[in-house]
Amino acid sequence: MPNLKKPTLDKDLDKFSYMEEAAGSLGRGLIAPGIALVFIVLCALGARASMSGAPGAVVIVAAAAIGAYMALNIGANDVANNVGPAVGSRAMTLVTALIIAAVFESAGALIAGGDVVGTISKGIISPQSISSASVFMAAMMAALVSSALWINLATWIGAPVSTTHSIVGGVMGAGIAAAGFSAVNWVTMGSIAASWVISPFLGGLIAAGFLAFIKSFIIYQDDKIAAARRWVPVLIGVMAGAFASYLALKGLKKIVKIDLPMSLLLGFLVGLAVWFFVRPFIRRQSEGLENRNQSLRILFSVPLVCSAALLSFAHGANDVANAVGPLAAIVHTAELGEVATKVSIPLWVMAVGAFGISFGLLLFGPKLINMVGQQITKLNPMRAYCVSLSAAITVIIASGLGLPVSSTHIAVGAVFGVGFFREWYTERSKRRLDYVNKHQAAGGPQVRPVRNREEQARRHLVRRAHFMTIIAAWIVTVPAAAVLSGALYFVMIKLIG
């Protein structure tokens with residue numbers, strides 16, 4: 001009878017193979033953190049070279065490393081909102097999205113990034129309350145470290161959070177630790193807290209409205225292609241006009257100053273021109289397409305890619321200040337020994353923010369991109385288009401009303417709005433039921449209406465677990481960053497003082 005026992009040598013070789021596979025897997029997992037660490041070190045060395053012999057050089061080098069770490073975390077978390085819907089709808093691949101976002105984020109930061117930033121972020125802390133240079137630098141460094149750590153934690157648990165709210169909480173906590181509760185502008189903090197509700201609600205409402213329009217006037221029409229030829233150019237024109245106004249208001253403020261009425265006029269003219277030029281393009285693209293929903297997705301794919309690029313550009317122009325604003329303030333204070341209400345951002349500081357955001361996106365961004373684009377609700381190009389369009393329009397409306405909003409909350413709120421609208425529409429829409437009954441009577445495919453929550457949950461129209469996790473992360477962002485910053489301030493003041 002043959003011996004079925006495995007020879008000892010084979011067992012030992014198998015163990016070595018398992019060890020090699022485990023070591024290889026562990027090594028691959030350390031590549032991204034290793035590259036990030038190298039980037040942080042290079043930023044610190046670059047700051048040391050540029051500030052050699054300057055007063056406070058040691059503090060500036062440490063702040064550069066912290067600012068680079070903050071920029072990496074912004075890229076890992078915040079940028080996912082710009083390209084996540086396009087990736088989730090399969091309008092473009094993850095690799096394409098990473099390249100487009102990295103290029104346009106860097107371009108937005110370097111070309112149109114704000115050249116003047118309030119050193120006490122957004123008027124949260126009164127400058128008169130912190131007049132000591134060492135106290136101010138300790139507060140800004142504590143704010144940077146705390147907000148970066150919080151965003152890092154949120155990225156690890158898979159929750160897209162507002163980087164603006166994180167730095168706001170960090171500045172508030174450090175300000176309270178340094179000068180007491182009276183130093184905080186509570187009116188400003190109240191408006192920021194209101195944006196927790198306003199941003200996602202407004203973004204979700206606008207996205208749901210556009211999806212309702214697409215369903216009513218295109219998807220549930222007998223001749224979908226004819227309806228698409230009529231309305232898709234209009235929707236693309238609206239998108240072009242909205243982004244023209246959005247970029248004029250938020251993305252090009254360093255190059256030229258444009259007020260809201262002028263930006264709206266510019267948006268209207270751009271939208272009209274784009275509508276005129278894309279009509280023949282959409283007609284040619286729709287020739288030969290079958291009269292079904294799959295065909296409609298083709299017509300929305302290119303505009304969706306363009307919207308992702310434009311959102312990334314505008315995000316780079318605006319949110320880079322979250323990483324480099326406190327860093328620029330520390331550099332200015334360390335060099336001159338005085339606290340200023342506004343400072344200019346040196347080019348090397350802006351480069352730290354721009355490239356840090358891009359590296360963070362490339363190294364750690366896929367996790368949040370998949371969360372926003374695929375795991376909250378199922379997206380196709382039409383739904384993702386509504387999310388992107390909502391992001392631009394919501395910012396314009398909020399700017400007109402003077403409301404502070406978060407781009408993260410708007411984009412994720414729009415995804416939630418699309419998902420919850422799908423649930424409502426699938427369950428209650430008379431138009432959909434009439435359409436289904438009509439086509440089934442004509443011998444079309446059988447479509448069973450979804451009538452209960454169990455079936456909706458099974459189909460994952462909106463995943464409640466992700467919804468609750470993200471809402472909880474939003475609620476605790478400012479207080480968590482504030483508490484952490486307040487504790488870190490006492491450490492920083494000892495090191496700097």
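Is C306 buried, partly exposed or exposed? C306 has 40% relative accessibility, so this residue counts as partly exposed. The scale is as follows: buried is under 20% relative accessible area, exposed is over 50%, and partly exposed lies in between (1.4 Å probe, protein chains only).

The model is predicted: local features need pLDDT of at least 70, side-chain atom pairs count only at pLDDT 80 or more, and totals for chains, interfaces and linings use all residues. Residues are numbered from 1 along each chain as its sequence is written, and side-chain values use heavy atoms, with hydrogens and water left out.

**Exercise 1. Describe the overall make-up of the protein.**

Step 1. Take the secondary structure: there are 17 helices and two strands. Helices (H or I, at least four residues) and strands (E, at least two) are DSSP runs, numbered from the N terminus.

Step 2. Take burial. Of the 497 residues, 52% are buried.

Step 3. Take the contacts, defined as heavy atoms within 4.5 Å. Among contacts with a separation of 6 or more, 84% join residues 24 or more positions apart.

**Exercise 2. Assess the cysteines C306 and C386, then count the disulfides.**

Step 1. C306 is partly exposed, at 40%. C386 has a relative accessible area of 0%, so C386 is buried.

Step 2. A disulfide is a covalent bond between the sulfur atoms of two cysteines. The criterion is a pair of cysteine sulfur atoms within 2.5 Å.

Step 3. Searching the whole structure gives zero disulfides.

**Exercise 3. Work out how helix α5 packs against α10, α17 and α6.**

Two packed helices are described by the angle between their axes and the distance between the axes. Axes are lines fitted to C-alpha atoms, for helices over the stretch in contact, and angles run from 0 to 180 degrees between N-to-C directions. Angles under 35 degrees count as roughly parallel, over 145 as roughly antiparallel, 65 to 115 as roughly perpendicular, and the rest as oblique. A crossing is left-handed if the near helix is turned anticlockwise from the far one by less than a right angle, and right-handed if clockwise. For residue classes, Ala, Val, Leu, Ile, Met, Phe, Trp, Tyr, Cys and Pro count as nonpolar, Asp, Glu, Lys and Arg as charged, and the others, Gly among them, as polar.

Step 1. Start with α10. The axes of α5 (residues 133-157) and α10 (residues 293-336) come within 10 Å and cross at roughly 160°. That makes α5 roughly antiparallel to α10. Their crossing is left-handed. The α5 side includes F136 and M140, and the α10 side includes P326 and I330. By class, this contact has twelve nonpolar, two polar and no charged residues.

Step 2. Turn to α17 (residues 464-496). Its axis and that of α5 come within 7 Å and cross at roughly 140°. α5 and α17 are therefore oblique to each other. The crossing is right-handed. Among the α5 residues are V145, L149 and W150; among those of α17 are L488, Y489 and M492. The contact of α5 with α17 divides into 20 nonpolar, four polar and no charged residues.

Step 3. Finish with α6 (residues 163-179). α5 and α6 pack at about 140°, with their axes 8 Å apart. The pair is therefore oblique, and the crossing of α5 and α6 is right-handed. S147 and I151 are among the α5 residues, while G170 and A174 are among those of α6. The classes are twelve nonpolar, five polar and no charged.

**Exercise 4. Place V79 and E105, and trace their contacts.**

Step 1. V79 lies in the loop between α2 (57-77) and α3 (80-88). E105 is in helix α4.

Step 2. V79 is buried, at 0% relative accessibility. E105 is buried too, at 2%.

Step 3. Leave aside neighbours up to four places away in sequence. V79 touches I74, A101, E105, H315, I357 and L361. E105 is in contact with V79, N82, S312, H315, G316, I357 and S358.

Step 4. Add C-alpha separations. V79 and P160 are 81 residues apart along the chain, with 9.4 Å between their C-alpha atoms. For E105 and L311, 206 residues apart, the C-alpha separation is 8.7 Å.

**Exercise 5. Contrast R90 with S286.**

Step 1. R90 lies in the loop between α3 and α4 (94-112). S286 is found in helix α9 (residues 260-286).

Step 2. R90 is exposed, at 76%. S286 is buried, at 1%.

Step 3. The phi of R90 is near 65°, a positive value in a residue other than glycine. S286 contacts I225, R229 and L299, leaving aside neighbours within four places in sequence.
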